Amino acid sequence: MPAPSTTSSPIPAAQPSETPTPTPTPAGAISLGVEGMTFTDGGEPQSFSFDDPEPLLAFVEQLTGEPRVGEDFEDMWGHGEVWGTAYTWKEISVKVWKDGPASVAILAATVGGIPVRTTSGIAVGSTRDDVLTMGGWDEWDADGDGQADYLGVDGQEVEGVESLSRPGEPGREFILAGLNGDVVTELQSPSNDFSDI
């Protein structure tokens, strides 16, 4: 009689251990920099340079699951000169300039479900204080109310050019954070303070 009771007790204990524990899939992440975007998903990081628009566009198509649809954009002064082609998705837009490089605008906290942050950790949804804490600065007061509607962050000095907004100082490239009130609603990269466009 004691023998069956000893053999039966390990069986229920062994059953739960045979059920495999699901391994969580690591969520990928996109880092937005001044020179491009880097995608990391548990393996080798993939970098997409703004100087080479085609791989960047293909990457965005893959992320969103939607093909690109391009529309020409013209000079900001209304002379009708085509400056390049804009490709717009719900969460991101990519402008490819006529001379080759691209620029992006991140319009949501994620693109294709993948979180997007600047190299300093700023994302759509971050606050004004978050940007300033990470070394950001007031860049442009669009409505003239005395509070900047656009902040710069992740700045890099550029040799051989002078800042238009800081006369006598070197120009810099950076990521431009557009705000609605005190909340970041858009990240544009690259931006600079030495060009008038």
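Helices (H or I, at least four residues) and strands (E, at least two) are DSSP runs, numbered from the N terminus. The structure described here is a predicted model, in which local features need pLDDT of at least 70, side-chain atom pairs count only at pLDDT 80 or more, and totals for chains, interfaces and linings use all residues. Residues are numbered from 1 along each chain as its sequence is written, and side-chain values use heavy atoms, with hydrogens and water left out.

Two strands are taken to pair if DSSP finds at least two bridges between them. One open sheet has five strands, in the order β3-β2-β1-β9-β8, with mixed pairing. Its edges are β3 (46–49) and β8 (110–111); each has a single partner strand, so one side of each lacks a neighbour in the sheet. Strand β1 (residues 29–32) and strand β9 (residues 114–118) run parallel and are joined by three bridges. Leu32 has Thr118 of β9 as its bridge partner.

A further open sheet has eight strands, ordered β4-β5-β6-β7-β13-β12-β11-β10, and its pairing is antiparallel. Here β4 (70–74) and β10 (137–140) stand at the edges; each has a single partner strand, so one side of each is left without a neighbour in the sheet. Strands β6 (residues 92–97) and β7 (residues 102–106) run antiparallel, joined by five bridges. Val94 has its bridge partner, Val104, in β7.

Helix α3 (residues 53–64) lies across strands of the five-stranded sheet, namely β1, β2 (36–40), β3, β8 and β9. Contact means heavy atoms within 4.5 Å. Axes are lines fitted to C-alpha atoms, for helices over the stretch in contact, and angles run from 0 to 180 degrees between N-to-C directions. Helix α3 runs at about 125° to β3. Helix α3 also lies across β5 (82–88), β6 and β7, at about 160° to β6.
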